[in-house]
Amino acid sequence: MNAFQVHGSPSEFEREFSNVSECMRAQPGFLHHRLLCSQGADSTYVNVAEWQDEQSLRDALAHPEVIERLRPLAALATGRPTVCRPVLDRSSLGA
């Protein structure tokens, strides 16, 4: 999970994040992610990603292409990344 406080253009942040996303989804161990934008403050975004394991994430973050694609995000936003473990996971009763 990574919470971003965007201090640049939100649309530019979304474009650059999409560029990073395309690279990350090709990395071994990547399962899924979602980028969410706060409705109360459009400068707050949260990325929730699922990886096969923590080492896959760490390997992806060390990949040279990923590092290069992450650089523009640093100019647009400040992130607060943290690795979390599932505690509760529910779907709707109709699912």
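User: Is Arg-58 buried, partly exposed or exposed?
Analyst: In this predicted model, the relative accessible area of Arg-58 is 45%. Buried means under 20% and exposed means over 50%. The value for Arg-58 lies in between, so the residue counts as partly exposed.

User: With which residue does Arg-58 form a salt bridge?
Analyst: The partner lies in helix H2, as Arg-58 does, and the two are four residues apart, about one turn of the helix. Their closest N and O atoms are 2.3 Å apart, and a salt bridge needs such a pair within 4 Å. The partner is partly exposed, with a relative accessible area of 39%. It is Glu-54.

User: Which residue forms a salt bridge with Arg-69?
Analyst: Arg-69 is partly exposed, at 22% relative accessibility. Its partner lies four residues away in helix H3, about one turn of the helix. The closest N and O atoms of the pair are 2.8 Å apart. The partner is Glu-65.

User: What is the N to O distance in the salt bridge of Arg-71 and Glu-68?
Analyst: Both residues lie in helix H3, three residues apart. Arg-71 is exposed, with a relative accessible area of 52%, whereas Glu-68 is partly exposed at 48%. Their side chains meet at an N to O distance of 3.1 Å.

User: Is Ser-56 buried or exposed?
Analyst: Ser-56 is in helix H2, residues 54-62. Leaving aside neighbours within four places in sequence, Ser-56 is in contact with Pro-28, Gly-29 and Trp-51. Its relative accessible area is 11%. The cut-off is under 20%, so Ser-56 counts as buried.

User: Which element gives the largest share of the lining of the largest pocket?
Analyst: The largest pocket has a volume of about 980 Å³. Of the 31 residues that line this pocket, the closest to its centre are Met-1, Val-48, Ala-49, Glu-50 and Trp-51. Elements that give two or more residues to the lining include strand E2 (30-37), strand E3 (44-51) and helix H3 (64-76). The largest share, five residues, comes from E3.

User: How many nonpolar residues are in the lining of the largest pocket?
Analyst: The lining can be sorted by class. Six of its residues are polar and six are charged. The nonpolar residues number 19.

User: How many disulfides does the structure hold?
Analyst: Cys-84 is exposed, at 53% relative accessibility. The nearest cysteine sulfur to that of Cys-84 belongs to Cys-37 and is 20 Å away. A disulfide needs two cysteine sulfur atoms within 2.5 Å, so Cys-84 is in none. For the structure, the count of disulfides is zero.

Terms used:
Residues numbered from 1 in each chain as written. Predicted model: local features only at pLDDT ≥ 70, side-chain atom pairs only at ≥ 80, totals over all residues. Heavy atoms only, no water. Buried < 20%, exposed > 50% of the residue type's maximum accessible area, 1.4 Å probe, protein only. Contact = heavy atoms within 4.5 Å. 1 Å grid on protein atoms, 1.4 Å probe; cavity = no way out; pocket = protein on both sides within 12 Å on 5 of 7 lines; lining within 4 Å. Points joined across faces, edges and corners; volume = space filled by probe spheres on them. Nonpolar A, V, L, I, M, F, W, Y, C, P; charged D, E, K, R; others polar.
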